[in-house]
Amino acid sequence: MKNEYDLVVVGGGPCGSTVSTLVAMQGHRVLLLEKEEFPRYQIGESLLPATVHGICRLLGVTEELEKAAFMIKRGGTFRWGANPEPWTFSFSISPKFSGGSSTAYQVERMKFDQILLDNARRKGVEVREQCSVLDVLTDADDRVTGVRYVDAHGVQQEVSSAYVVDASGNNSRLQTKVGKRHYSEYFRNLALFGYFTGGKRLAPPNQGNILAAAFDSGWFWYIPLTDDLTSVGVVVLPEALEKVQGDREKALLGLIEECPLIAEYLADARRVRTGPYGEIRVRKDYSYIQDRFWRPGMMLVGDAACFIDPVFSSGVHLATYSGLLAARSINTALRGDTDEAVCFDEFEARYRREYANFHDFLVAFYDMHDNEDSYFWKAKKVTNNVATELESFVELVGGGASREDALVAPESYVEKKAPAFRELAGLVEQPVLVEGEDRDLLQSELVKSVVKTGSRIQIQAAMGENADEHLPVREGGLVPSTDGMHWSLPSRHLAER
Ligand code: FAD
């Protein structure tokens with residue numbers, strides 16, 4: 001039986017929006033099922049340059065993000081380790097984030113996630129909100145062939161697809177269908193967080209930086225979301241957990257008093273008590289990794305696969321980067337010339353590698369007896385970087401450790417490819433996606449073939465045949481294709497054929 005879709009994505013967070021958009025932009029039929037009605041609250045507000053200037057540019061939302069006027073983040077300011085004084089780093093220190101790509105945003109996730117989801121719709125993804133996925137469908141060979149879900153009217157539905165991607169976040173109910181989740185022995189912390197107005201700002205030009213302040217019971221994040229609104233959260237160490245029993249507000253205010261720097265910044269501030277920012281929330285057990293990231297017909301991406309302690313704001317970066325890796329694998333498998341297992345292994349190897357960079361670095365970073373210079377040295381060691389120690393640190397915490405041109409060097413990658421991506425996006429967007437007939441037109445073989453041929457010609461004209469060749473990251477591995485949206489064999493292997 002023919003599948004109804006090429007891909008069904010579960011979850012409309014940044015990861016689900018990324019993978020669905022990048023697959024739909026290749027002319028494939030994509031359905032995204034989201035449990036909530038957007039906008040919905042989510043934590044994870046401090047972004048990295050690799051997300052803003054890499055993935056978001058690939059998705060085509062750069063101008064919309066600029067219009068949203070999110071707070072500009074130039075780097076981070078830390079009261080951390082043996083140094084009693086706060087120290088600051090700027091993304092611009094790393095040549096990888098040169099020119100216009102040396103900043104990121106602090107975002108209200110209700111707005112940011114809505115922008116990405118609306119963009120997915122515009123790029124041809126069929127998005128159905130208030131649809132909660134219950135389970136996967138499988139065939140006689142135990143291959144995943146679709147999902148069962150409850151629709152917005154409470155009716156159970158089934159949908160078939162060539163591939164299913166679980167991007168349903170840390171509370172994924174589907175991750176057990178792929179493997180087992182292992183919680184970190186090391187990061188067994190708990191976060192308690194709320195919102196304040198009227199908090200102090202760092203001196204210009206660092207007023208948009210994330211401020212992180214360690215103290216005896218853990219560490220605080222202080223994220224300026226607007227000139228007035230600040231996201232404030234405390235990550236509490238296991239030995240101090242008794243301080244967050246009982247009343248949450250009392251616990252949060254008590255911990256603020258224990259941390260002189262944050263107490264000073266909030267001295268004239270008021271806690272928000274109404275609306276989506278009025279609640280004081282708790283998250284625990286938030287560092288884990290699955291033992292497998294895929295099985296035939298299905299992948300786990302973003303937080304559904306793994307998550308690491310938030311001190312370097314890596315969550316949305318890992319979610320969107322894994323979305324790009326997964327999209328490449330699915331696009332390549334759907335093209336039919338490379339085995340699914342080879343493509344999916346490439347996705348898993350690269351996603352694990354990026355996760356491990358943050359994990360291994362963070363283990364060293366939590367040693368409060370060291371100073372920043374030894375943290376920078378550790379970043380260089382973990383990522384095996386030839387750059388200076390400080391540059392290696394900034395490259396890692398900016399999301400550039402994978403050394404993917406798509407994430408770190410817009411001049412040499414995205415800027416050159418932008419016309420090709422714009423043309424491609426235009427071709428996909430042109431049919432008006434209102435009626436079912438238009439969708440049929442978009443999905444017709446003719447239109448798909450025009451999209452594919454058009455994009456190939458444009459990209460080759462702009463880039464040259466092998467403009468973007470990378471070395472594989474492991475023996476026998478694949479490399480990003482010229483268009484960045486598929487996997488290829490490294491040129492050495494092609495020459496041997
Ligand atoms: P999500 O954003 O969780 O999206 C998953 C979506 O799936 C949701 O919309 C959900 O409604 C939907 N869904 C769930 N179940 C179903 C279902 N059964 N059917 C259909 N849909 C479903 N990251 C940063 O980058 N910067 C930070 O500063 C930062 N701070 C953090 C602080 C804390 C305390 C924590 C815990 C995390 C933080 N993060 C941060 C991490 C960030 O929140 C996540 O990594 C990021 O949201 C992951 O994106 P995602 O798309 O994988 O999942």
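Two cavities of 30 Å³ or more are found in the structure, which is a predicted model. The largest cavity has a volume of about 50 Å³. The second largest has a volume of about 40 Å³.

The largest cavity is lined by Tyr 321, Arg 350, Arg 353, Glu 354, Asn 357, Ser 402, Glu 404 and Val 473. Helix H8, spanning residues 340-365, gives the most to this lining, with four residues. By class, four residues of the lining are charged, two are polar and two are nonpolar.

The second largest cavity has another set of lining residues. Leu 48, Lys 73, Phe 78, Phe 89, Phe 91, Ile 210, Val 311, Phe 312, Ser 313 and Val 397 line it. Eight of these residues are nonpolar, one is polar and one is charged.

Pockets were also examined. The largest pocket has a volume of about 1200 Å³. Its lining comprises 48 residues. Closest to the pocket centre are Gln 42, Gly 169, Asn 170, Arg 283 and Asp 303. Several helices and strands contribute to the lining of this pocket. Helix H1 (14-24) and helix H7 (315-335) each supply at least two residues. At least two residues each also come from strand S8 (132-138), strand S12 (190-197), strand S14 (218-224) and strand S17 (281-284). By class, the lining of the largest pocket has 23 nonpolar, 15 polar and 10 charged residues.

Key
Residues numbered from 1 in each chain as written. Predicted model: local features only at pLDDT ≥ 70, side-chain atom pairs only at ≥ 80, totals over all residues. Heavy atoms only, no water. 1 Å grid on protein atoms, 1.4 Å probe; cavity = no way out; pocket = protein on both sides within 12 Å on 5 of 7 lines; lining within 4 Å. Points joined across faces, edges and corners; volume = space filled by probe spheres on them. Nonpolar A, V, L, I, M, F, W, Y, C, P; charged D, E, K, R; others polar.
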